[in-house]
Amino acid sequence: MAAQTVLIVYAHQSAGSFNAAVKDAAVDALKKQGCNVLVSDLYEMKFKATATKEDITGAVKNPEHFCYGNETMLAWQEGQLASDIVDEHKKLNEADLVIFQFPMYWFSVPAIMKGWMDRVLTLGFAYTLEKRYSEGIFRDKKVMLSFTTGSHETMFRSNGINGDMNVTLWPIQNGVLNYCGFQVLAPQIFWAPTHLSPEAREGLLEGWRTRLQGLLNEAPLTFPPVDIFDEGKGFQLKPEVREKQAESHFGLTVGHHLEKPLPPHNQMKAGV
């Protein structure tokens, strides 16, 4: 079997940070398993976060009304995308697994990482209207979020002040990663490391190293397949699926809750 390639998309400003230690632990553990490890250190690269016409090296097709998605799709087809996007496309094409490593900012990813998603997941290259979700372009690749929080775990429970972390994760894990077809592994969440002792932080790193041993063989989270939605009816759940789900106490997913209780741990644990 050929060596697996892992791309770590990393967003932290400091090499002395806990995020850096988590990233370094992943690089070390995955290389020891024989993986090829690529790292996109976004701050070090001064990665451009804004999606603008400068992302196209040739002339834009409609300068009066610049439509980023259509223009960059054409530029991708014609080999006229900016070199920094092309470089990331090459890494993404090689990758069997992508790990996004970051501190959670405002219940989401830092702007520089959101810019990576906006610019690198190009229409045509990463998704089309026909190739998305379970039929997506990256359905043979795995992906995961690995991040630190400022808040304690209790604050991200369904009765905590921040609300349910499963809900917080839905827009990125479903709306970006699953949308592009990736098999989404359960996230690795490091709760409030700044509030912990050095020994406790080392314990978190040790838990991460242990998980990394079997990471490439983990089963992904479950998302509903495209074919249970009716395209002719505005991509709504097919009646027979709704009828079957009527017997369940829970909704299908965090997003497809069907006005029922959310399935527990839906965005945080595989196989539930």
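User: How do I judge the length of a helix, for example what should the twelve residues of helix 3 span at 1.5 Å a residue?

Analyst: Multiply out the rise and compare the result with the end-to-end distance. This is a predicted model, and in it helix 3 (residues 83-94) should span 16 Å at 1.5 Å a residue, which agrees with the 17 Å between its end C-alpha atoms. You can repeat the exercise on helix 6 (residues 198-214): its 17 residues reach 26 Å from the first C-alpha to the last, close to the 24 Å expected.

User: Which residues of helix 3 are buried?

Analyst: Start from the geometry of a helix. An α-helix has 3.6 residues a turn, so residues three or four places apart point the same way. In helix 3, the buried residues are Ile85, Glu88, His89, Lys91 and Leu92. Seen down the axis of helix 3, these fall within an arc of 165 degrees, so they line one face of the helix. Ser83 and Lys90 are exposed, on the face turned away from the buried side.

User: What covers the buried residues of helix 3?

Analyst: The cover includes strand 1, strand 2 (36-41), helix 2 (68-77), strand 3 and helix 4.

User: And which residues are buried in helix 6?

Analyst: Look for Leu205, Trp208, Arg211 and Leu212. Down the axis of helix 6, its buried residues fall within an arc of 120 degrees, so they too line one face. They pack against helix 1 (18-32), strand 4 (142-148) and strand 6 (188-190). Turned away from that side are the exposed residues Glu199, Thr210 and Gln213.

User: Glu88 and Lys91 carry charges, yet you listed them as buried in helix 3. How should I read that?

Analyst: Look for a partner. Side chains of opposite charge can pair when their charged atoms come close. Lys91 and Glu88 form a salt bridge, with their closest N and O atoms 2.8 Å apart. Both residues are buried. Being three residues apart in helix 3, they are separated by about one helical turn.

User: Where in helix 6 is there a salt bridge between residues three apart?

Analyst: Go to Arg209 and Glu206, whose closest N and O atoms are 2.9 Å apart. They are three residues apart in helix 6, so about one helical turn separates them. Arg209 counts as partly exposed at 27% relative accessibility, and Glu206 is also partly exposed, with a relative accessible area of 41%.

User: How many salt bridges are there in the whole structure, and which parts does the Arg119 and Asp55 pair tie together?

Analyst: A search of the whole structure finds eleven salt bridges. One of them joins the side chains of Arg119 and Asp55, at 2.9 Å from N to O. Arg119 lies in helix 4 and Asp55 in the loop between strand 2 and helix 2, so the pair ties together parts that are 64 residues apart in sequence. Both Arg119 and Asp55 are buried.

User: Helix 4 keeps coming up. Is Trp116, which is in helix 4, buried or exposed?

Analyst: Compare its relative accessible area with the cut-off: buried means under 20%. Trp116 is buried, at 1%. Leaving out residues up to four places away in sequence, Trp116 touches Leu7, Val9, Leu42, Phe47, Glu88, Leu92, Phe100 and Leu121. Glu88 is thus a contact of Trp116 as well as the salt-bridge partner of Lys91. The C-alpha atoms of Trp116 and Ala49 are separated by 6.4 Å, although the two are 67 residues apart along the chain.

User: Which residues have the most contacts inside the largest nonpolar core?

Analyst: Those are Leu92, Phe100 and Trp116, in a core of 40 residues. Strand 1, strand 3 (97-103), helix 4 (111-120), strand 4 and helix 5 (165-178) each give two or more residues to this core. Helix 5 gives the most, with six residues. Apart from it lies another core, of 23 residues, among them Val6, Phe18, Ala29 and Val37.

User: What does UniProt list for residues 5-209?

Analyst: The unreviewed UniProt entry lists "domain: Flavodoxin-like fold" there. That span is 36% helix and 15% strand, and its end C-alpha atoms lie 18 Å apart. At its start, Thr5 is in strand 1 (residues 5-10) and is buried, with a relative accessible area of 7%. Thr5 touches residues including Asn36, Leu38 and Glu94.

Methods
Residues are numbered from 1 along each chain as its sequence is written. This is a predicted model: local features need pLDDT of at least 70, side-chain atom pairs count only at pLDDT 80 or more; totals for chains, interfaces and linings use all residues. Side-chain values use heavy atoms; hydrogens and water are left out. UniProt positions are given in the numbering used here, feature names are shortened, and annotations may be inferred rather than shown by experiment. Helices (H or I, at least four residues) and strands (E, at least two) are DSSP runs, numbered from the N terminus. Buried means under 20% relative accessible area, exposed over 50%, partly exposed in between (1.4 Å probe, protein chains only). Contact means heavy atoms within 4.5 Å. The expected span of a helix is 1.5 Å times one less than its number of residues. The arc is that of the directions from the helix axis to the C-beta atoms. A nonpolar core is a set of buried Ala, Val, Leu, Ile, Met, Phe, Trp, Tyr and Cys residues joined through side-chain atoms within 4.5 Å. A salt bridge is a side-chain nitrogen of Lys or Arg within 4 Å of a carboxyl oxygen of Asp or Glu.
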